[in-house]
There are 2 protein chains.
Amino acid sequence: MTERLSQQFAFLLEAEKLKSVYRATPLADNSRRENSAEHSWTLALYALVLADQAGPGVDVNRAIRMLLLHDLVEIDVGDVPIHSSDGTAHGSADIQAAEAAAAERLFGLLPNDLRAELEATWHEFEAAQTPTAIFAKSLDRVQPVMLNLEGGGGSWLEYDVNWEQLESRVGAKVSHGLPAVWAWVQDRIRPWFTLRGR
Amino acid sequence: MTERLSQQFAFLLEAEKLKSVYRATPLADNSRRENSAEHSWTLALYALVLADQAGPGVDVNRAIRMLLLHDLVEIDVGDVPIHSSDGTAHGSADIQAAEAAAAERLFGLLPNDLRAELEATWHEFEAAQTPTAIFAKSLDRVQPVMLNLEGGGGSWLEYDVNWEQLESRVGAKVSHGLPAVWAWVQDRIRPWFTLRGR
Ligand SMILES: [Ca+2]
């Protein structure tokens, strides 16, 4: 019992490090970059608030669990911005292998039953095949778009992103799980790109 | 439909401000103070990982929802540290009234059905009467203890806290919902207080 609690707290304490992993996206007020812990909170809130946009077969509670866990591997690997290296780094085989190793180390801190449960949740998110994972992935892609727009450009400026790149790297994924949301977002961000000839 | 999405995103964008509300507790590495958004993420993760510590009648998914929402009112009111004003400010009638007004403003940004659902979740947490709310409140109290210990004292030093004050302001609440966890935590923090004659 005491040994079990020690393992649970070893994991929870290790997870604290996610607060020091910073992302490419600025906060909405542009005061600093967003970190991956607060990003994960925002996504869980997105799932709660946009639950009515979830398609058939989506388990919103499970999506929330996925979103709480999905970035923990960045404690070892760091955040790989979606627009970095011309859009090729994110999701590359090297990064995927490093993230799988990080998942093994981090979830390996837990008691076996919990490890199996949380690792399976994380793998389901990564594989992006189930309705729940597709919904969660779409939320993960759309929130930075809102921050970039609010923050005056954010990582679109940093990585010189144009409309076509945004559509292929982000829009295609968001509209897969949240078609009505992407249509709504497009109307709001299009002017930013048009105005800058991107 | 479009009007509904606009309300949902107005709320989500307002919620971003929680990332700029800083708490009395330092991060585990003592590099800066924790903000209330990343704190909320940590608590949801605590609920997930310590689910086996939940007593009868606890709905862990609902506890996670409570913890995601519980600090949003700090966008208007700020964080009131548990040990500030000799332990009397937190939970005072003034603060409670201000937080209720904040909840009305913030959840009022949402469509009516969602507003009712999320406001009820927040009120249940605040009232701390149901098993689920008691579990969630206990998690909210115990996580800063772990951060203070890791960070070398944190808000215990800032507010000159002794063992008796910690037991009455924090321990009593944590052991209400998580008795085995508080027993485990006591063993780990007692030396910090003994060593300093507190
Ligand atoms: Ca709090």
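Trainee: Which protein donors does the calcium ion have?

Mentor: Some ground rules come before the answer. This is a predicted model, where local features need pLDDT of at least 70, side-chain atom pairs count only at pLDDT 80 or more, and totals for chains, interfaces and linings use all residues. Residues are numbered from 1 along each chain as its sequence is written, chains are lettered from A and ligands numbered from 1 in the order written, and side-chain values use heavy atoms, without hydrogens and water.

Mentor: Donors are N, O and S atoms within 2.8 Å of the metal (3.2 Å for Na, K and Ca); water is not among the atoms, so sites may look incomplete. Here the protein donors are Asp71(B) (OD) and Asp71(B) (OD), 2.9 to 3.1 Å from the calcium ion.

Trainee: Where is Asp71(B) placed?

Mentor: Helices are DSSP runs (H or I, at least four residues), numbered from the N terminus. Asp71(B) sits in the loop between helix H3 (60-69) and helix H4 (74-77) of chain B.

Trainee: By what turn and shift can chain A be laid on chain B?

Mentor: Two copies of a chain are related by a rotation about an axis and a shift along it. Superposition is by least squares on C-alpha atoms of residues with pLDDT of at least 70 in both copies. Chain A fits chain B with an RMSD of 0.0 Å after a turn of 180 degrees and a shift of 0.0 Å along the axis. That is the relation of a two-fold axis.

Trainee: Through what surface do the copies meet?

Mentor: Contact means heavy atoms within 4.5 Å. Of the interface residues of chain A, 100% are also interface residues in chain B, so the copies meet through the same surface.

Definitions and conventions:
Helices (H or I, at least four residues) and strands (E, at least two) are DSSP runs, numbered from the N terminus.
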